[in-house]
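Reader: I'm setting up some calculations on this one and I'd like a close look at the metal site before I touch anything. Walk me through it slowly, and then carry on to whatever else is bound.

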Amino acid sequence: MTLDEILKEIKNAETIVILTHESPDGDAVGSSLAMRLIAKELGKNADVIIPEYSRLFNFLPGASEIKKDSDVEKYDLAIAVDCADLKRLVANEYFTNAAKTIVIDHHGSNTMFGDYNYVNPASPACCEVLAGMLQYYELNISKDLGTCLMTGIITDTGGFQHRGVSPETFELAAELLSKGVDIPYIYKMTLRTKTKANFELQKRVIDRMEFFEDGKVTFSYITKQDEKEVNAEPGDHEGLVEIGREIEGVEVSIFIRQREDKNAYKVSMRSGDLINVSDICFIFGGGGHQRAAGAVIQGDVEQVKKKILKEVEKAFEKAKGMK
Ligand code: AMP
Ligand code: MN
Ligand code: MN
């Protein structure tokens with residue numbers, strides 16, 4: 001059983017590093033800090049390396065321990081959480097240099113890039129996968145560990161709204177609540193708090209929103225210049241893709257954000273029940289989940305828009321054909 005081997009590797013390692021995906025969300029930061037506390041329960045100190053993340057996650061227990069980098073060149077063990085492939089893993093040199101590697105995730109598009117891979121695409125959050133691990137190891141869940149887990153679950157499910165939330169998710173939430181985890185506080189700190197810069201970006205995204213496919217598709221974007229003008233910090237683009245999705249009749253929301261290397265855009269897509277956006281992003285070398293996926297596409301706004309809309313149109317044609 002993979003979980004037994006993972007336990008053995010953690011117990012055998014003297015130095016452990018925990019890594020996650022770029023532009024880390026609540027599940028990425030939550031699972032990283034939860035994994036750190038799990039290692040601690042097993043008597044191990046682990047380094048969490050996340051060079052950039054939203055300061056809104058600083059309320060998480062252990063956030064002050066997050067490192068930007070490390071002096072350790074070769075860790076005995078590297079653990080990647082909430083990340084589907086090596087390309088998206090930040091500071092991935094610590095992963096490739098490590099003697100042993102473990103991947104714990106919930107993405108259907110996971111490439112199984114570790115020596116040991118514990119991936120459950122049926123879980124709505126990587127934090128729920130970690131909870132399963134804790135149960136198997138019969139480890140105690142402290143309030144701090146529960147707070148990290150709950151944060152990943154709340155943020156990745158949009159507060160228990162998305163499909164993929166199962167009776168087990170609610171059972172886990174009930175268990176964490178009984179451990180003293182403050183669910184209203186986590187809601188407030190994650191889903192109910194936005195930075196001023198995020199609010200300013202929202203205004204621009206709304207202003208530029210375009211509709212396609214008879215109102216079933218929305219498209220909007222932000223550039224590096226926008227981010228500069230509103231003094232955006234890491235994570236300030238979070239949630240912008242959700243704006244289009246909430247409009248009546250919209251099946252696919254497309255949001256693109258200019259990358260550092262100016263001639264490329266990070267694409268975020270969200271969908272309802274009809275279209276599998278992971279398939280569309282896969283065409284561009286990306287991936288994700290059926291209803292939430294991403295990719296990176298070269299070009300300017302108009303070029304990137306055209307490339308995606310062409311594939312979205314095809315997906316609608318295909319969906320019509322299947323009815
Ligand atoms: P995002 O739109 O960035 O919130 O991402 C939505 C989902 O798609 C997340 O589960 C990501 O892990 C996944 N995803 C985003 N960008 C990529 C990418 N370039 N390659 C693979 N998966 C991605
Ligand atoms: Mn994530
Ligand atoms: Mn996740």
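Author: **The manganese site and beyond**

Let's start with a pair of aspartates: Asp27 is buried, and Asp82 is buried as well. Keep in mind throughout that this is a predicted model.

Which residue coordinates both manganese ions? That's Asp82, and the ions it holds, ligand 2 and ligand 3, sit 3.5 Å apart. For Asp82 the relative accessible area is 1%, and buried means under 20%, so Asp82 counts as buried. The backbone is worth a look too: Asp82 has a positive phi of about 55°, although this residue is not a glycine. As for its place in the fold, Asp82 belongs to the loop between S3 and H3.

Now take the manganese ion that is ligand 2. Its protein donors are NE2 of His21, an OD atom of Asp82, and Asp25, which is listed twice with OD; they lie 2.2 to 2.6 Å from the ion. Written along the chain, the donor residues follow H-x3-D-x56-D. What does that long spacer amount to in the fold? Asp25 is in the loop between strand S1 (16-19) and helix H2 (26-41), while Asp82 is in the loop between strand S3 (77-81) and helix H3 (93-97), so this pair ties together parts that are 57 residues apart in sequence.

Over to the manganese ion that is ligand 3. Here the protein gives OD atoms from Asp27, Asp82 and Asp156 plus NE2 of His106, at 2.1 to 2.2 Å from the metal. The spacing of these donors along the chain reads D-x54-D-x23-H-x49-D. Distant parts of the chain are linked here as well: Asp27 is in helix H2 and Asp82 in the loop between S3 and H3, 55 residues apart. If you're counting ligands per metal, note that water is not among the atoms, so sites may look incomplete.

That's the metal pair; next comes ligand 1. This molecule is surrounded by 13 residues, and the closest are Arg88, His107, Lys266, Ser268 and Arg270. By class, the shell splits into three nonpolar, seven polar and three charged residues. For polar contacts, begin with Ser268, where a side-chain N or O atom is 2.6 Å from an oxygen atom of ligand 1. Arg270 puts a side-chain N or O atom 2.8 Å from an oxygen of ligand 1, and for Arg88 the polar side-chain atom is 3.0 Å from a ligand 1 oxygen. How much of ligand 1 does the protein cover? On its own the ligand has 480 Å² of accessible area, and the protein covers 87% of that. Strands S9 (264-271), S10 (287-289) and S11 (292-298) are the elements that give two or more residues to the shell. S11 supplies the largest share, with four residues.

S9 deserves a few more words, since it keeps turning up. Seven of its eight residues are buried, so call this strand mostly covered. S9 pairs with S11 in the antiparallel sense, over seven bridges, and across that pairing Lys266 stands opposite Val296 in S11. S9 is also joined to strand S8 (residues 252-258), again antiparallel, by seven bridges. There, Ile256 stands opposite Val267 in S9. S8 and S9 make a hairpin, with five residues between them. When you scan along a strand like this, remember that in a regular strand the side chains alternate between the two faces of the sheet.

One last stop, back on the subject of phi. Like the metal-bound aspartate, Asp214 is not a glycine but has a positive phi of about 55°. Buried or exposed, though? Asp214 is exposed, with a relative accessible area of 77%, and it sits in the loop between strand S6 (210-212) and strand S7 (217-222). Set that beside Asp82, which is buried at 1%.

Notes: Residues numbered from 1 in each chain as written. Chains lettered and ligands numbered in written order. Predicted model: local features only at pLDDT ≥ 70, side-chain atom pairs only at ≥ 80, totals over all residues. Heavy atoms only, no water. Donors = N, O, S within 2.8 Å, 3.2 Å for Na, K, Ca; no water. Buried < 20%, exposed > 50% of the residue type's maximum accessible area, 1.4 Å probe, protein only. Near = heavy atom within 4 Å. Polar contact = N/O pair within 3.5 Å; in protein donor to acceptor, adjacent residues only side chain to side chain. Areas by Shrake-Rupley, 256 points an atom, 1.4 Å probe, with all protein chains shown as cover. Nonpolar A, V, L, I, M, F, W, Y, C, P; charged D, E, K, R; others polar. Pairing = 2+ DSSP bridges.
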